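Colleague: Before we look at particular features, could you take me through how to read helix packing and sheet order in a model of this kind?

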Amino acid sequence: MADTSVPKAMEVLAISKTKELKGTEKRDSLIEIEKKYQLLWEEDHIFEVDAPSTDEYPLGSISADELREKFPKFFGTIAYPYMNGRLHAGHAFSFSKIEFHTGFARMQGKRCLFPLGYHCTGLPIKASADKLVKEVKMFGRDFENYKEEDEEPVPVAAPKGPKEDLGKFNAKKGKAAAKTVKAKYQWQILHSVGIPKEEIHLFADPQYWLEFFPPECKKDLTNFGARIDWRRQFVTTDANPYYDAFVRWQMNRLKELHKIKFGKRYTIYSIKDGQPCMDHDRSEGEGVLPQEYTALKLKVLEWAPQAAESIKGKIPEDASVFLVPATLRPETMYGQTCCFVGPNLNYGIFKASEKEYFVITERGAKNMAYQGIFAQEGVIDKIADVRGTDLVGTLVNAPLSFHKQVRVLPMDTVLATKGTGVVTSVPSDSPDDFAMVTELAKKADFYGIKKEWAELEIIPIIQTPTSDLLAPYLVKKLKISSPKDAKQLQEAKELAYKEGFYQGVMKVGEFAGEKVEVAKPKVREQLIKAGLAFAYSEPENKVVSRSGDECTVALMDQWYLDYGEDSWRAIAYDFVENKDGTGLNTWSSDTQHAFKGVVDWLRQWACARTYGLGSKLPWDPHFLVESLSDSTIYMAYYTIAHWLHKDLFGRQAGKADVTPENMIDEVWDYVFCRTQLTDDIVKKSGIPKATLEGMRREFEYFYPLDLRVSGKDLIPNHLTFFLYNHIALFPREYWPKSVRANGHLQLNGEKMSKSTGNFMTLDDVVKKYGADAARVALADAGDGISDSNFVEDVADNTIVRFFNNKEWIEEVIKDETLRTGELNSFQDTLFDNEMNALVNEARKHYEETSYKLALKAGHYDFLNARDSYREACNAAGIPLHKDLVLKYIRLQALVLTPIAPHWAEYIWREVLGEKSSVQFALFPEVPAADLALSAAREYVKTTASNVNSAEASQLKKMAKGKQSDFDPKKPKKLTIFITDSFPAWQTKYIDLLKEVWDPAKNSQKIDDKELNGRIGKMGEMKKAMPFVQTLKKRLRDGEPADAVLARKLVFDEPKTLLAMIPGLKRTAGLESVDVIAVQEGSKQGKDLTNGGKEVDVTTPVAESALPGQPSFYFTNV
C-alpha cells in the first residue's frame, strides 16, 4: 500500500488555509454533468480542427488570405507549462484567458485551434533528478533510512523595494506573514504533492519526469473543460526527435542570419553547475542581469598594525596589495577623501597575479575568478584572512584624487553582498559618504580613528544647477543628521545621482567643461588604460540556480542571440509601438509600455549551455540550446505537429508518415513559407509533394498566431524573444497579431504560497468546485496586467446559482400556465429589451477580452433581469410569458458558453433538446437595444430603489422631530411627484454641456477638472454638480444627445410610472399610490391615477421633482 504519511518537515506545507465546504450535493450533481459532456466532447473529437485540405482547395489555387476570409480561423496559445510539477491555480488563470477567447471565437463561426505542448528543456528537471540520485544513496530507494528531525521554523522577512516599473518587470517574493518551513529534500517535495514514497526513486531519471507529468497536465485540463486539440501535444528536448529537428533548423537559420554570434560577454554563471544560469534555470532572481562596475586599484602604502600582523610573511616583499572598491561613478574619483570597509566584515587577500594581490570579500573574488581578472581562470587563491576592523587606518593611494593618499575608515552599512565589500568615498557628490565622514569626524574616538583622517578637504568636482557640492547641500536640506537616517539618505542619493549625471558638468580633470554623462566613459577608459582600474561585473541582485548555487558573473566565450543589434531592435520596437495599427495588439497600454521598455534595454542573450535537458546546438553539439531559446516560435510547430507524430515523443509517425530524418532544414523552410517548393527538396527529403503541400497549407492557414496569452513576468524574456524570433524567421504577414499579458493570481486576497497553505493546484480547484464554478471564479478574478484575485466564495456561490438556475429552468419549462400571445408593453417589453442589451454588452466585452465584465453582463445581470421580470409579473398578478422564458433559457446558455460550457451544454441539449453540441452554436444575434426602453428600464430600477430610500429619509426626519404625521407601522400611502419641465436655473448648465460634449465621439471635449472648474464659477456648485453628472450618465449610457440636451426624456415617464404601481404597492407594502404631475412654482397638480384631476400640492417635497427624477412623500391612510 502506498505510504501517504507526511514527514515533519512537510507538515506546514500540508496545512491548508483554503475554504472548507460544508454540503457538496449540488456541486456533485453539477460535476456529474461535467464529466458526461467532457467524455462526449472527447468521443466526438469536437476540439480537433484542421485547415481546409489541399484536395478541396489545391495549394496555389487560392491565397492564404482568401482562404482565411472564406473560412475564418482563430489560433491562440499560452506559454506551454514546465513539466516539473502539477498545474496550479495561477496556471489555470492564464489558461482561462485563451480558453474563454477560444470559446467565443468558436461562436463567431471560426475554426479555432488551441493546442498545447509541454516544456521540458533546461536545468530544473535535471537538477531535481540529480538531487534524487544523491538522496536515494543517502536514505535508500524508498527513503526508509531517513530520520525525521525537528527543524526550527525560519522567519521570512518581507522584502522592501521600489514600486513596480512596468517597463522592466522583476520577479519578486511576496510577504510571508508567518514562520514557514521549507522542504529540505527533493523527495519531500514530490511526496508533498501526492507521489508515493516507493515511486519517488523513479524520478531520479530525468526522462521519467517527461513520462509522468504531461499526462497529469492533460488530465487536469480535460477536467477543466479545456477546448484543446490534444492531437498536437508534444514534449520539448531531443526526447522528441521531430521537435529536436525543428529546434536545430531554427538555430541554423538564426546563425545564418547573423542573429546568433560567438564571443566573450558577461553572463550570470553558476560555479557549481559550471555553466550560465539563465532565467528558467533560477529558483531566485529571474530577470536579474549582470551589472558592470569600474574596479579601482587603491595601492596599500602603509598597513594598519593589526592588518600588518595578519599578513606577515604571507605576501612577497616585492608584491603590491590593492584595496579594490567597485564604483558606478568613475567620474567622481577626483574627489576621494577616504576608503570605507565594513568593520564587522571578513575580507580575504587574494592572489590576482604573481606581483598583485587584492583585498576584497569572498563573494567579490568568486565573481572575479571567471572574468579574466585573476591569473588562472576559475582559481581563487586566498592567502590570508583579515577583519574589516583590522584594516581601519591603512593608508592607500587614491587614483585621480586631489588627495593622493587617503585612509581606510569604518562604515557599518558596507555590505558583503554588494560589490567587493570595499567602498571609495566621495563626500562632495555622495550623501552617504558625506554623512559618514561627518559622523566619523564628530566621534573619532568612538570609532577608534584619528580625527584628521576624516577631515580631508572636500573639493568641488561637478557643477550642477543646484550646487558644486551637491551632497553636503542635500544632507543639510533634508536635515540628515546621521548615517542611520536611511530613508532621507536614499532620497538624497537618488536626487544627487539624477542631477549629477543628467545635469552635471565636470569642473576638474582632463574632461573639465564636459557633461558628466559624456565624461563618465572617458574617465573610466582613462583609468583602465593607466592600469589604475579594470572592468568588473556581478549580478545586479541575488541569483540562485535550481541546484541551490548562489550565482556570480562570468566573462565567457559563448553563443548568444544578439537581441541588442540596432536594425533588429528597431524593427521590434516599431512593431510593438504599432503606430499604423498593423503591428502588435497588446490589448492594454501597460503591456505595450512594458514591451517597449524591455526592447529598449534587452541586449545579448546566451542561447546555449552544457547542463540540463534540451536539443544540441547543431554546429557545436557540446552545447545544448537553453530553455528560453528553444521556446520562441514553437507555435509554428503546433500547426503541423499531428502531421509529424501521434504521440508526445514522436515514437509513432503522424498523418504525413515521415521520419525525423526526413525533416531537413529545407523542408521547414518550405512548410513555413520561407521558400518555394522545388524538385530538389522533394528528392532530398524523400517526402511526397502532396504531403509537403498539405503541411504548408496547415501553417499558412492557421498562421499568423492571433493571440498569445501569458503572465506579465514573461515580458522581459520569453514574450520579447518570441517577437524577435518571429521577426527574424518569418515573412511579415506571419508575425504575431496580439499578445495579452495578465497579472499574477492571488488566492482569497493573499499571495499563493505552499508554505503558508494558501495554495491550490488546478486539480484541487476542479475537484473542490467543479470545472464551471472554477471557470466563473477565474473570469471574475480580473483581466488587467495588475494582480487578480481568485475568491473561493465566488466559486462556492456559483455552484448554488448554477444549480438553482438549472432547477428553475427545468421546472418553468414544464409550466403550462405560462402566457402566450403578444408581449405586453411593460413587463414583457422591458425584459425582452434588457436581454437584448445584455447579450450585446456581453458580446462587446468578449471581443475586448474583458471576461469579468462579460461574466457580469452574461450571468449576474442576466439573472437579475430574470428575477426582476418574475417579481414584476408576480406583482402585476400575471404569469411569465412563454416566449420570453424560452428566449431567456436559450440566451443564458449561449452567452455563458465561453465561460461555463458544461452547464450551457446541459441546458442546450437536455432542456432545449438541441441535437448538436453547444460548442458548435453561434453567439446569439439579437436586435440592438431600444434606447427608450433601456432608459425606461433604468428608470424603473432607480425609482424602485429610491422609493425605499425616500421612506428611510422621511423616517430620519421624523426621529429628529421634523415630522410627526407618518407612522410606518400603520397603513401607508405613497405620493409620487413628477414634472415635465426643468427649473430655469439649469438652462445655463445645459448650454455648458452642449458646448463641451462631442456627440460623434460620445465624450467630453475637455477633462473633468476643467469642466468642474467652469461649473464652480457659475455659482450653484452644490446643486449643479449632481444635475450635470446625471445628464452625463444619460449621454454615456447611449441616450441621444439631442434628446438629453434638449431636456427631453426618451421614454414616457407618466406611462412607465403608472405601470409600476402594482409592483411598488407589493414591494413597499403600500395601500395606495398617487402620481401627481406638477409644474415649477405652482401649488396645483394633476392626479394621473385619477384621470388628471386637479389637486392641491402642499408638501415642499414636490418642488424637488425633475424630469426622470420623481420625488416621494409618504402618509398614513
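Modeller: UniProt annotations may be inferred rather than shown by experiment, and the model itself is predicted. With that in mind, the unreviewed UniProt entry carries the annotation "domain: Leucine--tRNA ligase RagD-binding" for residues 979-1036; over that stretch the chain is 60% helix and 7% strand, with its end C-alpha atoms 23 Å apart.

Colleague: At what angle do helix H29 and helix H31 pack?

Modeller: Two packed helices are described by the angle between their axes and the distance between the axes. Here H29 (residues 827-847) and H31 (residues 882-896) pack at about 10°, with their axes 11 Å apart, which makes H29 roughly parallel to H31. Among the residues that meet are Phe831, Met835 and Val839 in H29 and Leu884, Tyr888 and Leu891 in H31, and the residues of this contact divide into 10 nonpolar, one polar and three charged.

Colleague: Which strands stand at the edges of the open sheet?

Modeller: Strands of a sheet pair through backbone hydrogen bonds, either parallel or antiparallel. This open sheet has nine strands with mixed pairing, in the order E13-E11-E12-E8-E7-E14-E15-E10-E16. Strands E13 (382-387) and E16 (422-425) are at the edges, each with a single partner strand, so one side of each is left without a neighbour in the sheet. The twist from one strand to the next averages 35°.

Colleague: In what sense do E11 and E13 pair?

Modeller: Strand E11 (residues 346-351) pairs with E13 in the antiparallel sense over five bridges, and Gly348 has Asp385 in E13 as its bridge partner. Helix H13 (residues 431-442) packs on the sheet, where H13 touches E10, E15 and E16, and the direction of H13 makes about 90° with that of E10.

How values were computed. Residues numbered from 1 in each chain as written. Predicted model: local features only at pLDDT ≥ 70, side-chain atom pairs only at ≥ 80, totals over all residues. Heavy atoms only, no water. Axes fitted to C-alpha atoms, helices over the stretch in contact; angles between N-to-C directions. Helix = DSSP H or I, 4+ residues; strand = E, 2+ residues; numbered from the N terminus. Parallel < 35°, antiparallel > 145°, perpendicular 65-115°, else oblique. Contact = heavy atoms within 4.5 Å. Nonpolar A, V, L, I, M, F, W, Y, C, P; charged D, E, K, R; others polar. Pairing = 2+ DSSP bridges.
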